[in-house]
Amino acid sequence: MSFTIAQFLTAFANASALFFVAVGLSIIFGVTRIVNFAHGSFYMLGAYLGVTISGLLMPLLGGLGFWLALPVAAAGAGLVGLGMERFLLRRLYRSNELFPLLATFGLLLVLQDVTLHVWGPEDIVGPRAPWLDSAITLFGNRIPEYDLFLIAAGPTGLLALWLLFKRTRWGILVRAATEDREMVAALAVDQQRLFASVVALGTALAGLGGALQLPREAASLGMDLNIIAEAFVVVVVGGMGSIFGSYLAALLIAVIQAFGILLFPEITLVIVFLVMAVILALRPQGLFGKRESAFAARVADPHTPLLAAGTAMKLGALALLFFLAVLPLFSGRYVVIIGAEILIFALFAASLQFLLGLGGIISFGHAAFLGLGAYSVALLGADLGWPMEAALLVAPVVAGVVALAFGWFCARLSGVYLAMLTLAFAQILWSVAFQWYGFTGGDNGILGVWPSPWFAEPRSFYWLVLALVATALLLMRHLAFSGYGFALRAQRDNALRAAASGLNPQRLRWQAFAVSGACAGLAGGLYALLKGSVFPDVLAIPMSVEALVMVLLGGVAFLEGPLLGAAAYLGLKTELLSYTSFWRSAIGGIILLLVLIFPQGLAGGASQLWRRKGAGT
């Protein structure tokens, strides 16, 4: 019994920092409708600032310096957040909802390298909390005093935020903006100032969460990505924009983690995302959220029709295909291998574009299907000894069938809840791959996944990749201009009107999952053969984010966009990696510039230039 109570106390302490991060994310989303992917960076920034500021203040003020460092670090993170809103987000409020996501991902990369440059690659251990650096005995267990402080900090923060939003004019305006931004604008409220203050508060709360962790966790460069997935889970489970929901969800997740590691150590990582998936399947708006109505995904401009390829484009495509086919004849081994990788990721990105651009379906977990294809080939080929050709045929089938199962749940949702459910499913698969050592090899992965002898030579394998990728791309393009493709776009632009016309939007979206998943599975199978091994990373969040970046970089509204995006992203990454260790900030900066200058992506920018040139002549 006493041990159970100790576990509860530990869970409650863990919940506080998670609550501050999650509630900041929830507040920002509630008002701005922006999913801030860089929110974990402000948590990390709060921790590093806390180390530095406490190191400066403690020699002058003693223990008081540590406690002063916590709010100062939070304020520092809030100031950086204010700059993000002023110079980046403010320019994107009226744009497609995916562009702020891409922009915040670019910012995340920049902040990672800035942190690396300022504080170095080593983990930094923070000071112990003065006056709370010992433990007391409760119910026969030694409980750190600082944990008791954290247990009190969570409800205190919740009460302060409740008073702020319920008892102040600013809070009333924020709640009004959450419900109806147009109405708030009609009341002559300065929306820019209101949004800026909300973003500053939300990022300051994330910074406070990071600073509060200092006596319990070293400041490290991986903190941002480690916390962001949990924060997303808390926000979605609690309900977007709900403060109470965030706190209760943080408690729920912390308790599940604290007891899950004891009761189900083999599936610890799965449980949290399993809970999230079940809650979203039963109550799509989360425990305390409101059902979405207006916030449905709109990822392509309905006034920009998708045009069939003209003669010039067909000739250009044939010329490109010819160039790619003869590339190995005059290129070295390195270029051929990089070329094969770009083709594989072009197919992966195109499969995501099929969901996003044609179906209006935002997916944060598309790597699940890439990973399913990769593990199918690895398990069948390396473990069971199947021929490579047979394993490669099975890969898209497995990914397509699982996508069909996932799609049945996801197709009923829309907007960010749909995106989060895809993230949950992907994380469940990643957790299974990471923890099921007997089947997947865990983090050791599966090695020795090589092509058959006649495709073992890089040039032969490249031509196989080119043939399969070109076939899959042509199939998706054919579907885009078929009756099914027009129906899919119709439900994307206006689901109610499509339903009134006799279409079944949910079924169309469900079928899109199967097509997209199968194509991504084929890409995954080829990726496993290219690398010769498979690790859980292929299913992880960064892989899904990279696919999103490729699609948005190339242009989500253009079928050619993913090809350009994959080539540009991987080409830049490969080149920059060979020149500098700060390649993340370079890519992040380029992403930010592209989002601000070419919001329609590379394909959209090229299309605009082509039209202007045509008009000029």
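Domain 1 and domain 2 bury about 830 Å² between them in this predicted model. Carbon and sulfur atoms account for 90% of that area. The size of an interface is often given as the accessible area lost when the parts come together. On the domain 1 side, Leu 98, Val 236 and Met 240 supply 41% of the area buried against domain 2. No other three residues supply more.

The two partners are set by the domain assignment of the protein chain. Domain 1 covers residues 1-261, and domain 2 covers residues 333-541. Their C-alpha centres lie 34 Å apart. Contact between them involves 11 residues of domain 1 and eight residues of domain 2.

Polar links were then examined. Zero salt bridges were found across the interface of domain 1 and domain 2. The search for residue pairs in polar contact, with both residues at pLDDT 80 or more, also gave zero.

Two helices stand out on the side of domain 1 that touches domain 2. Helix 4 (98-119) and helix 9 (223-238) are the elements that give two or more residues to this side. Helix 9 gives the most, with three residues. By residue class, the side of domain 1 that touches domain 2 holds nine nonpolar residues, one polar residue and one charged residue.

In short, the interface buries 90% of its area on carbon and sulfur atoms, and the rule finds zero salt bridges across it.

Definitions and conventions
Residues numbered from 1 in each chain as written. Predicted model: local features only at pLDDT ≥ 70, side-chain atom pairs only at ≥ 80, totals over all residues. Heavy atoms only, no water. Domains from an automatic or database assignment. Contact = heavy atoms within 4.5 Å. Buried area = accessible area lost by both parts, 1.4 Å probe. Salt bridge = Lys/Arg side-chain N within 4 Å of Asp/Glu carboxyl O. Polar contact = N/O pair within 3.5 Å; in protein donor to acceptor, adjacent residues only side chain to side chain. Helix = DSSP H or I, 4+ residues; strand = E, 2+ residues; numbered from the N terminus. Nonpolar A, V, L, I, M, F, W, Y, C, P; charged D, E, K, R; others polar.
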